[in-house]
Amino acid sequence: MIGILGGTFDPIHFGHLRPALECRQALDLQEIRLIPLKVAVHRPQPIATAAQRLQLLAAAIREQADFVVDTRELDRSGSSFSIDTLTALRAEYGATMPLCLLLGADAFAHFLTWRRPHDLLKLAHLVVMTRPHSAAVTEPALVALERQHGTTAPAALAAAPAGYIFRQAVTPLAISSTQIRQLIASSLSPRYLLPEAVLALIERERLYR
Ligand code: ATP
C-alpha cells in the first residue's frame, strides 16, 4: 500500500512531514510519495520556483528512505489535476495495489470541487488527516460521500485498491507554509516549524523575503 501526498510545498514543513510519517506507520504504507504541484488549480500559484521547492523537499526527506519525491506534476505541462496524477500512478502500480491519497481535513472540505472526484475514488482511497482549525464537514453532498465510502477499519484499505474514505488522527500541528512565509517576510524566524536543513536552504537562497 502506497501513500501519496500532493501539495504546493512552498515550503515543506513539519505539518506535512509528521502527519505523513504517522500515516505511514499507522497504515503500514510501503512509501510516501510527495508530489509537488506545478500549476495550482484552486489556490494562488507558489512563490518559490519548482526547482527551489524540489530542493527544499529533497533536503527535508534526505534521512527518511521511505519518503520519495515524485516530480511527475512538475514534468507535465499545464494544470496539476490529481485525477491525472492518480491515473498515471494506477497505471504504474497496476490494478490491485492499494493507493492512499493523504490529505488534510481542510483540503478534504473542498474535495467535491476537484476535477472528477468520483472517478478519483475509483483510483485511490482518501486518507483524511486531522488538521487543527479545519471546520467539520457540513456540505450535505460531502457528508453523503463520506457516509457512502467511509470506513473505520485500516484493514479495509489494504484489502481494496481504492474507494474508501478513512480518517487518520495525527498529532495536530498548526503549521502552514503561509505562516512560515509571513514570518520570513516580517524578518522573524520560522525555526522549529520546519527541518533545519530546509531553513538553511531558504536562508541561503534568500527565499520569501
Ligand atoms: P499554504 O499555507 O501555502 O496554503 P499548506 O501549509 O496548507 O500551504 P500545502 O502544500 O498546500 O501546505 O499542503 C499540502 C497538503 O498537506 C494538503 O493536503 C494539506 O491539507 C496538508 N497539510 C498542510 N499542512 C498541514 C498540517 N499542519 N497538518 C495536516 N495536514 C497538513
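What follows is a chat between a student and a tutor about the ligand site, the pockets and one loop of a predicted model.

Student: Where does the ligand sit?
Tutor: Start with the pocket that has about 1,100 Å³ of space in it. That is the largest pocket, and among the residues closest to its centre are Gly6, Gly7 and Arg43. As for the ligand, its place is in the largest pocket.

Student: Which residues come nearest to the ligand?
Tutor: The shell around the ligand has 21 residues, and they split into seven nonpolar, ten polar and four charged. Of those 21, the ones that come nearest are Arg43, Asp106, Leu173, Ser177 and Thr178.

Student: Which elements each supply at least two residues of that shell around the ligand?
Tutor: Look at both strands and helices here. The strands are β1 (2-7) and β4 (99-104). Add the helices, and you have β1, β4, α1 (14-27), α5 (105-108) and α9 (177-185).

Student: How far is the side chain of Thr178 from an oxygen atom of the ligand?
Tutor: Two backbone contacts go to nitrogen on the ligand: an N or O atom of Gly15 lies 3.3 Å from a nitrogen atom, and for Leu173 the value is 2.7 Å. With Thr178, a side-chain N or O atom is the partner, and the distance to a ligand oxygen is 2.4 Å.

Student: How much of the ligand's accessible area does the protein cover?
Tutor: Take the ligand on its own, and its accessible area is 600 Å². Put the protein around it, and the share covered is 90%.

Student: How many residues line the largest pocket, and how many of those are charged?
Tutor: The lining has 47 residues, with Thr8 and Ala107 among the closest to the centre. β1, α1, α4 (82-93), β4, α5 and α9 each give two or more residues to this lining. By type, the lining has 23 nonpolar and 17 polar residues, and the charged ones number seven.

Student: And the second largest pocket: which element gives the largest share of its lining?
Tutor: This pocket has a volume of about 230 Å³, and 13 residues line it, Phe14, Leu17, Ala60, Gln64 and Pro195 being the closest to its centre. Nine of the lining residues are nonpolar, one is polar and three are charged. Both α1 and α2 (50-61) supply at least two residues, but the largest share, four residues, comes from α1.

Student: Which two residues does the cis peptide bond join?
Tutor: Go to the loop between β1 and α1, where Pro11 lies. Omega is about 5° at this bond. The pair it joins is Asp10 and Pro11.

Student: What is the phi of Phe9, and is it positive or negative?
Tutor: Phe9 also has its place in the loop between β1 and α1. Although Phe9 is not a glycine, its phi is positive, at about 50°.

Conventions:
Residues numbered from 1 in each chain as written. Predicted model: local features only at pLDDT ≥ 70, side-chain atom pairs only at ≥ 80, totals over all residues. Heavy atoms only, no water. Near = heavy atom within 4 Å. Polar contact = N/O pair within 3.5 Å; in protein donor to acceptor, adjacent residues only side chain to side chain. Areas by Shrake-Rupley, 256 points an atom, 1.4 Å probe, with all protein chains shown as cover. 1 Å grid on protein atoms, 1.4 Å probe; cavity = no way out; pocket = protein on both sides within 12 Å on 5 of 7 lines; lining within 4 Å. Sits in = over half its atoms within 2 Å of the grid points. Nonpolar A, V, L, I, M, F, W, Y, C, P; charged D, E, K, R; others polar. Points joined across faces, edges and corners; volume = space filled by probe spheres on them.
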